[in-house]
Amino acid sequence: MPQEFWRWKEYNWHAPDIAWRNAKIITAGVDVGSVSTQAVVMVDGKLFAYANRRTGSSSPDSARRAMDCALEETDLALDKIHYVVGTGYGRVNVPFAHKTMTEIACHARGANFLYGASVRTVLDMGGQDCKAIKIDAQGKVVNFLMNDKCAAGTGRGLEVIADLLQVPIEEMGELSLRVEKEPEPVSSTCVVFAKSEALGLLRKGWKKNDVLAAYSRAMAHRVAALLKRIGIEKEFVITGGIAKNSGIVTRLEKELGIVARKPDFDTQIAGAVGAALIAKKMKDER
Amino acid sequence: MKNKIGYLCTYVPEEIIHAAGFLPVRIAPSTTPPTRADAHLQSYTCCLARSCLDQALAGRLNDLAGVVFAHTCDTMQGLADIWRESFPNLFVETVVGPVALNSPHAQKYLVAELRRFVAALEQHFDVRVTEDALRASIRIYNTRRRALADFYARRAEFSAVQWFNVMNKALTTPPEAISDRRSATSNQQSAIENQKSKIGVVLVGATIDEPTLPQILDDLGARIVADDFCNGARYFDTLVAEEGDPIEAIAARELTRATCPCKHRALDDRAERLLKLVKDNRADGVIFYHKKFCDPHAWDYPPLAAALDREKIPHLLLEVEQVAPVGQTRVRVEAFLEMLSEG
Amino acid sequence: MSERRYKKLKTAPQLKKLLEQHYLAAKYFHLGKPIAWVTSGAPVEIVRALDIFPVYPENYGALCGARGASAAMCQVAEARVYSPDLCAYARSSVGMMSDAKHAPLGGLPRPDLLITCGNICGTVLKWYEAAARHYHAPLFILDTPFIHADDGEPTAHAIAYVAAQLEELIAFLEKQTRRKLSKEKLLATAMLSSEAVSLWCDVREFCRARPSPLNAPDLFLNMAPIVTLRGTKECAQFYRALKEEIAERVARQVSALPEEKYRLVWDNIAIWHHLYRFYNHFVDYGACFVTDTYTGGWAMRMNDQGDPIHAFARTYTQVFLNQSLRVRVRDMADLITRFDVDGFVMHSNRSCKPYSVGQYDIRRIVTEQTGKPGLVIEADHSDPRSYDDETIRARIQTFMEGLR
């Protein structure tokens with residue numbers, strides 16, 4: 001079977017020693033994105049379990065599958081969860097959600113939980129769009145800007161290039177940094193033109209890594225422009241799948257002159273974590 | 001005989017057209033993507049220009065006896081001449097009003113330009129525009145303005161979509177038919193609820209021509225407490241004086257009514273007006289609703305945003321093409337409203 | 001950066017020096033003269049007659065474009081939430097206002113006064129409003145009503161309006177400078193202006209010769225003093241020297257191009273950021289742009305009869321960008337005939353709506369009237385991010401092959 005270069009690993013995780021039966025509040029957040037779906041379960045505000053799976057053609061099915069996957073190796077069942085918040089592109093299609101919140105509010109809250117109260121600027125580079133969010137010490141949104149009109153800073157854009165260059169998506173970042181000299185960025189990050197431009201470069205004899213570097217540079221530049229419009233304040237963090245792409249992150253940091261706090265968790269779960277926390281707040285208020 | 005004359009901008013003096021015996025109707029962009037307009041207008045012009053021209057080229061405006069432009073932005077300036085080329089037998093005129101509204105000579109100039117326009121109408125259609133007819137038209141349009149102001153005073157009783165439909169219809173129906181506004185279905189109870197619980201936003205932009213945003217606001221339970229649209233509040237802003245020379249009175253209104261970014265009265269007048277709208281209506285935030293490639297509004301955005309920032313009033317910018325994309329618009333508006341309710 | 005592939009001018013160093021001096025004087029040697037930012041279509045003669053130092057942000061925009069600094073300056077403006085769809089000259093200027101340190105020449109000097117005239121576009125009103133807010137400098141708006149008439153004649157009330165505003169402008173400038181305008185000085189400045197303009201017209205007319213002594217980029221570059229130094233002695237001197245050089249070229253039948261095979265007319269502002277590279281594509285085919293609609297914009301003459309204010313009012317209201325589509329068709333057809341050209345090229349300039357909106361119709365009508373084919377190229381005068389060399393080269397190839 002031919003290798004599908006755009007495919008990244010799906011997985012789940014659960015905390016080894018949390019006794020959910022004694023818990024006061026159990027909540028969950030489900031982030032149904034255009035590319036991936038995450039489900040996060042929290043017990044009294046602590047991470048209990050989560051899963052990260054590819055989004056299929058049906059949002060409700062994707063939501064259920066992610067949830068089932070998160071709970072798989074635990075003995076917690078869905079009906080024991082007190083409150084569920086759905087978020088993401090497919091948020092209105094999470095059949096077992098009690099409420100929906102936008103991924104902007106959820107990424108803000110999630111970044112605050114995962115990185116700490118000192119975070120003020122969150123950059124979420126997701127599957128289909130890219131968002132810059134300014135937050136306060138409580139993880140509430142103060143301002144935001146979105147780019148969902150083009151592929152710059154999105155997973156879709158990277159997948160197209162990964163496929164074209166026959167490079168596994170998880171390796172794109174590292175490979176793009178292994179260049180002798182940083183090339184000029186491609187002139188267009190528009191996925192439609194980038195593909196033909198990348199092909200053109202290959203034909204001219206460019207090595208794969210250099211094409212990756214040129215594309216990453218152009219992407220980082222577009223994302224930097226978005227951040228400059230909203231104003232970057234320290235601490236600056238990145239959520240979403242592309243935070244794992246060191247090629248883009250490094251170039252972004254260089255252009256902005258600021259270093260992003262590095263995560264020690266999977267950045268793709270930030271939205272669902274935020275949703276689970278917001279679910280807790282809503283349950284508390286009832 | 002065709003009895004309607006179309007216009008694109010509300011700086012066109014409707015009373016004069018009405019006094020000449022025609023019904024002035026606003027030509028608005030449709031939701032159908034243009035196909036013929038691309039042969040005349042570049043892709044970097046706004047959808048208002050492209051869609052309106054496209055409708056004309058598709059023969060959907062054949063019931064108009066003429067089209068009148070007002071001098072506003074560079075695209076409209078060029079469009080007026082393009083329209084003439086495409087329809088050589090149509091009455092196509094531009095009322096070239098002053099841009100420097102603060103000039104002490106603007107009134108005199110505009111009066112002369114309006115008289116020229118009157119003469120052009122009289123000559124082309126072989127009609128007389130009498131002073132009496134002008135006075136009568138002014139009274140009728142003032143009545144409409146007052147009726148719309150009343151409607152606005154009660155806007156809490158109406159949904160955003162209802163508001164949109166009323167304004168949309170108003171600019172294409174005879175001004176005499178104002179009774180609809182009073183009898184439009186309203187909900188007194190929801191008005192009381194609305195004042196208390198719902199988030200209120202002020203909308204700012206050029207024109208709003210399709211109901212996607214109003215529908216989203218209704219779905220999300222927010223209210224439009226005020227607006228600054230050409231085909232919204234600015235349409236009926238300020239009455240025309242009913243005494244004195246009617247042309248002088250029409251000119252005076254043009255110079256004093258709420259400005260759009262194509263005109264200059266003072267550096268801060270739009271910012272002051274916006275802040276007042278927010279404060280008087282106790283709005284929670286402002287949504288800028290801009291058409292892509294609309295230069296004048298894009299120019300005003302940074303200073304207006306700065307004025308709002310200084311007063312810590314949250315705001316959101318939506319830049320739309322012909323039809324606002326539902327998913328993208330909704331997530332932004334929803335996130336904005338979430339932000340407003342948390343704060 | 002590409003190099004020009006057609007004959008260099010002997011007066012080129014003189015031009016360079018003249019413009020450098022202008023910028024240096026603006027920054028350091030204006031000797032306490034108040035600095036006014038003025039638009040290219042403003043009646044600068046009044047400004048100069050009052051000993052005010054005029055500076056041209058549009059010219060600075062072209063300079064940013066030519067030096068490849070436009071994208072960076074525009075990005076500064078975009079970070080301050082100015083839309084990327086706005087005119088690139090204006091965005092460069094706004095970027096420069098916020099970040100003069102990184103701007104070419106360290107940016108323009110602060111204005112003491114701002115004078116904007118709407119005869120070229122609606123953008124300059126908004127641009128100068130932004131400058132007024134930024135610098136807290138007094139702003140004067142000269143409102144020149146657009147002429148839709150087929151014959152290019154302004155209405156009497158428009159001229160009266162502009163004339164009245166010119167009196168206001170004088171009063172405003174007198175108040176700001178605490179000086180009185182001398183009518184003699186104004187007339188003298190106007191005469192110097194007319195002289196330079198007249199010489200420039202002669203230079204442009206020389207290109208009717210076969211072969212043409214100049215190619216369009218020469219016209220773009222040599223137009224700069226007419227815009228920025230009009231009304232000065234140095235300006236008139238320069239054009240006298242230039243006219244002499246061009247007269248000599250014509251006498252000796254010196255061609256701008258190595259071999260002139262085709263003659264073309266150019267419409268719209270130059271593509272500053274790819275000036276040579278772009279025009280070299282045409283040089284490849286032996287095609288010379290013998291004339292254009294842009295550099296003649298400042299070829300209006302004033303006579304010394306009658307009231308100068310009235311003359312200024314007419315001259316500045318009738319600037320070509322303030323004229324209707326039909327007048328532009330007439331002027332283009334006239335150039336095609338008088339300069340005996342084979343075709344024309346129109347730059348559909350994203351940054352300049354008043355110049356570009358209507359081009360598609362103008363192209364069609366001009367071809368109908370003259371039988372000469374026209375090509376439309378989509379680009380931007382200053383922002384290189386809207387320029388796609390591959391696509392443009394292909395279109396030029398198709399067009400030139402059609403001319404054969």
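Q: What distance separates the centres of domain 1 of chain A and domain 2 of chain A?
A: In this predicted model, the two centres are 27 Å apart, taken over C-alpha atoms. Contact between the two takes 14 residues from domain 1 of chain A and 20 residues from domain 2 of chain A, where contact means heavy atoms within 4.5 Å.

Q: What makes a stretch of chain A part of domain 1 or domain 2?
A: The bounds come from an automatic or database domain assignment. That assignment gives 11-111 + 268-285 as domain 1 of chain A and 120-260 as domain 2.

Q: How should the numbers and letters be read, and what counts in a predicted model?
A: Residues are numbered from 1 along each chain as its sequence is written, while chains are lettered from A and ligands numbered from 1 in the order in which they are written. Local features need pLDDT of at least 70, side-chain atom pairs count only at pLDDT 80 or more, and totals for chains, interfaces and linings use all residues; side-chain values use heavy atoms, with hydrogens and water left out.

Q: How many helices and strands does chain B have?
A: Chain B comes to 14 helices and 8 strands. For comparison, chain A has 8 helices and 10 strands. These are DSSP runs numbered from the N terminus: H or I of at least four residues for a helix, E of at least two for a strand.

Q: Why is chain B called as compact as a globular protein of its length?
A: The globule rule is 2.2 Å times the number of residues to the power 0.38, with the radius of gyration taken over C-alpha atoms. For 343 residues the rule gives 20 Å, and chain B has 20 Å, so the label fits.

Q: What about chain A and a compact globule of 286 residues?
A: Such a globule would have a radius of gyration near 19 Å, and chain A agrees with its 19 Å. The C-alpha atoms of chain A fill a box of roughly 65 × 45 × 30 Å along the principal axes.

Q: How much of chain B counts as buried?
A: That's 63% of its 343 residues. Buried means under 20% relative accessible area, exposed means over 50%, and partly exposed is in between (1.4 Å probe, protein chains only). In chain A, buried residues make up 58% of the 286.

Q: Why is D51(C) called partly exposed?
A: Its relative accessible area is 31%, and that falls between the 20% and 50% cut-offs, so the name follows. D51(C) sits in the loop between helix 2 (44-49) and strand 2 (53-55) of chain C. Its phi is near 60°, a positive value in a residue other than glycine.

Q: What makes L105(C) partly exposed rather than buried?
A: With a relative accessible area of 35%, L105(C) isn't under 20%, so buried doesn't apply. L105(C) has a positive phi of about 60° although it is not a glycine, and its loop runs between helix 5 (88-98) and strand 3 (113-117) of chain C.

Q: Is the peptide bond from K234(A) to E235(A) cis or trans, and what is its omega?
A: It's cis, with omega near -10°. E235(A) lies in the loop between helix 6 (208-230) and strand 10 (236-239) of chain A.

Q: Is the peptide bond from R210(C) to P211(C) cis or trans?
A: Cis again, with omega near -5°. P211(C) is in the loop between helix 8 (183-206) and helix 9 (216-222) of chain C.
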